[in-house]
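Ready for some practice with empty space inside a protein? Grab a pencil and work through the exercises below, one step at a time.

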Amino acid sequence: MLELQCAGEDAVCAAVSRARAAQEAWAAIGVRKRITVLREFQRRVQERKSELAEAITREADKPVAEALTTEVLVVLSATRFLIDNAYRLLRDEPLPHGNLATKLKSGRLVREPYGVVGIISPWNYPFSIPATETMAALVAGNAVVLKPSEFTSLVALELKSLLHAAGVPEDIFQVVVGNGTTGAALIHAQIDKLVFTGSVATGKRIAAAAAERLLPVVLELGGKDPMVVLDDADVDVASSAAVWGAFVNAGQTCLSVERCYVHRSLYEPFLKACVEKTKKLTVTDGLDHNSDVGPLIHQGQLKLVEEHVEDAKARGARVLAGGLRFPEVGANFYHPTVLADVTHEMRIMREETFGPVLPVMAFDSDDEAVRLANDSEFGLAASVFTRDKARGERLARRIQAGTVMVNDVVSCFGISEAPHGGVKSSGLGRAHGRFGLDEMVRLKYVDVDLMPGMKKVWWYGYGMKFSQQMEGFLDMQFAPDLGTRLRGALRAIGVVVRKKL
């Protein structure tokens, strides 16, 4: 087994210092040249897609098919988005002036890199999460220091190798390997922004530490995503979505279907379909190309899933499939589990489970479904299943979440144009797309006066007459009737020629 040395505080600070020294030159080469580097990175990822998927599977033990679809495909698509759009989204933006008093000015919004962006990424998507965030930071002109999860450090080092081979200077993208101590060192180093994906508890500690020096942060802190199946939904389609959405990556996905609400008229047929489909899944090592569901990442996660299921059983939930460990396959395997008759008094419906469990609860009306969906401290994503598109969109607007999908689940993470992030305890800020790119730049407004030799009308030289002139100027612009506006214009004429200090 390969052992990696944990980066201490000195090593982390040295990496940040090197990144800062190199960042100015990286920013100076311009967006178009940085896009060229991303294009080469994309070519290399595409060329090595199978090798990369197997590397991800060896470390995270998800099925190779999922490594290809939820990791490699997501990264290739995100790269495409930046190649196609970064120049347009990062260039200076003219800002028109509507106020007559400022018409002789020209304004622009300028987007500038922060400098050094620190990224702390999780183990559940060890390639797609850090790669998409890193690419947005790099194309915007930042340097990046990445601290990956200690459980999936090798994938991060593979990302580093790919980016350096594509033309990213070594000091512009660095990886510091280690545990929580290494992450804490990165937070306290002289980075200019932090992007963190992880638990709510850790996110709150990071937010408190960042607040001490007003360090800007993006926090993606997980979810307890609800899926709502309305009375007109296609049971076959919705049940397939629920099974995949709950068990993809063994349920270790922040966008997993962690709560499923089904209209009472469809409740029993929906449960029957979910159980039949769950029992057809192949649970085995991810490198087996027949695998549908792999193991949990470690014993601690397995124990948490087990505790949630046992709590639900003790409070009256029915186990229709699974509900047990799967030791004959491996140490960290748990049978994909379907639970019926769950309630919001159970941990399985309140806390993030992060495992292969599908808890299903009945509801009687759309209003009740919305109330149940919103009854959570989390608000990352949600989904609604219905044959009526307009009805689905109406409910989507009422659900408190960063993303709501109608007739699909989870795949919003793979839509490179769409922002990813949540509300409530699911975090702050956004990744992906235009808004994820905006997170990687400081917004500056630059204003140039077109009459540099003219004293401005609002400068000193006040007095009663000036106040009267300004009252006329306000009437000229904002009075509701034409007559008052014309009289205001006559009163305001003198404001231009009055004597100023």
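**Exercise 1.** Which elements each supply at least two residues of the lining of the largest cavity?

*Solution.* Keep in mind that this is a predicted model.
- Step 1: Start with the size. The largest cavity has a volume of about 160 Å³.
- Step 2: Look around its centre. The lining has 17 residues, and T132, A136, A431, H432 and G433 are the closest to the centre.
- Step 3: Now match the elements. At least two lining residues come from each of α4 (64–90), α5 and α14 (433–438).
- Step 4: Sort the lining by class, and you get 9 nonpolar, 5 polar and 3 charged residues.

**Exercise 2.** Which element gives the most to the lining of the largest pocket?

*Solution.*
- Step 1: The volume of the largest pocket is about 890 Å³.
- Step 2: Its lining is made of 39 residues, with F196, T197, G198, S199 and T202 closest to the centre.
- Step 3: Two or more lining residues come from α7 (180–188), β6 (193–197), α8 (200–211) and α11 (299–314).
- Step 4: The winner is α8, with 6 residues.

**Exercise 3.** Which residues of α6 are buried?

*Solution.*
- Step 1: Find helix α6 at residues 153–166; its 14 residues reach 20 Å from first C-alpha to last.
- Step 2: Buried means under 20% relative accessible area. In α6, that picks out S153, V155, A156, L159, L162, L163 and A166.
- Step 3: Ask what covers these buried residues: the cover includes α2 (31–47), α3 (49–60) and α5 (128–139).
- Step 4: Step just past the helix, and G167 has a positive phi of about 120°.

Note on methods. Residues numbered from 1 in each chain as written. Predicted model: local features only at pLDDT ≥ 70, side-chain atom pairs only at ≥ 80, totals over all residues. Heavy atoms only, no water. Helix = DSSP H or I, 4+ residues; strand = E, 2+ residues; numbered from the N terminus. Expected span 1.5 Å × (residues − 1). Buried < 20%, exposed > 50% of the residue type's maximum accessible area, 1.4 Å probe, protein only. Contact = heavy atoms within 4.5 Å. 1 Å grid on protein atoms, 1.4 Å probe; cavity = no way out; pocket = protein on both sides within 12 Å on 5 of 7 lines; lining within 4 Å. Points joined across faces, edges and corners; volume = space filled by probe spheres on them. Nonpolar A, V, L, I, M, F, W, Y, C, P; charged D, E, K, R; others polar.
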